Amino acid sequence: IGDDEKGRTYMVIAGRTFPDLDAALIGMGVEQFKHVRLAFPSTFQEQDWAGTTHETTVTVRSVSTVAPPVLDDEFAQSLKAENLDQLKEKIREGILKAKRQIAQEMVNEQILDSLLAASEVAVADNTWEQVGSRRLNEVAGELQRQGKTIEDHAKENDMSVDELVAAQMKEAKVHVQRAVLIETIFREQDMKIHQSDVD
């Protein structure tokens, strides 16, 4: 969610946020944008937004849902587990791993946002514009495979084509600023990435 260049990242449960955001999330898919006016409740976790109204862009980064099957040993064996108890243990380990990963991603986003806010990062317009144009071309190609146009995609997200392009370009600029910032920190702190890190 953002009304500035950096935005803010949250993990939410649709239907359990607050009325305006719940309504905005309905029908949205991964990597979809929507421009909406949100009235944040006084109990909102970010104090500077609590009790205020903002024109914002909502972006869905990922969607998770659960539709449980009938749990029995036969089902467990179809997933290469000996029995239901072993399957439950594997699922528990997978959930813990996913939660740790989501938490780390949220921390990373917050760290990068804080670093950007405390830094002056200048990037050439043609750099981030190229990144944004490439991303728009990728989106257009994927839409074409689905038999859709960029106009269809914008309409599905309650946006004009110009608004969609502007949102993608704004995001591209932030990504390039983050990359420049990370590169600078690595260089100044003499940090290295080894093959073992990549592996």
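1. A good place to start is the count of salt bridges: a search of the whole structure finds eleven of them. Please keep in mind that this is a predicted model. Side chains of opposite charge can pair when their charged atoms come close.

2. One of these pairs is Lys-34 with Asp-158, whose side chains meet at 3.7 Å, N to O. Lys-34 belongs to strand E1 (residues 33–39) and Asp-158 to the loop between helix H5 (150–156) and helix H6 (161–188), so this salt bridge ties together parts that lie 124 residues apart in sequence. Is Lys-34 buried or exposed? Lys-34 is buried, because its relative accessible area is 6% and buried means under 20%.

3. Next, have a look at Arg-61 and Glu-171, a salt bridge with its closest N and O atoms 2.9 Å apart. This pair also links distant parts of the chain: Arg-61 sits in the loop between strand E2 (53–59) and helix H2 (73–78), while Glu-171 is in helix H6, 110 residues away. Arg-61 is partly exposed at 40% relative accessible area, whereas Glu-171 counts as buried at 15%.

4. Glu-156 and Lys-148 form another salt bridge, at 3.1 Å from N to O. Both partners are partly exposed, Glu-156 with a relative accessible area of 38% and Lys-148 with 30%. Elsewhere, salt bridges with shared partners join Glu-31, Arg-61 and Glu-171 into one network.

5. Finally, a residue outside this theme: Gln-110, found in helix H3 (residues 84–117). Gln-110 counts as partly exposed, at 46% relative accessibility. Its C-alpha atom is 9.8 Å from that of Gly-7, although Gln-110 and Gly-7 are 103 residues apart along the chain.

Terms used
Residues numbered from 1 in each chain as written. Predicted model: local features only at pLDDT ≥ 70, side-chain atom pairs only at ≥ 80, totals over all residues. Heavy atoms only, no water. Helix = DSSP H or I, 4+ residues; strand = E, 2+ residues; numbered from the N terminus. Buried < 20%, exposed > 50% of the residue type's maximum accessible area, 1.4 Å probe, protein only. Salt bridge = Lys/Arg side-chain N within 4 Å of Asp/Glu carboxyl O.
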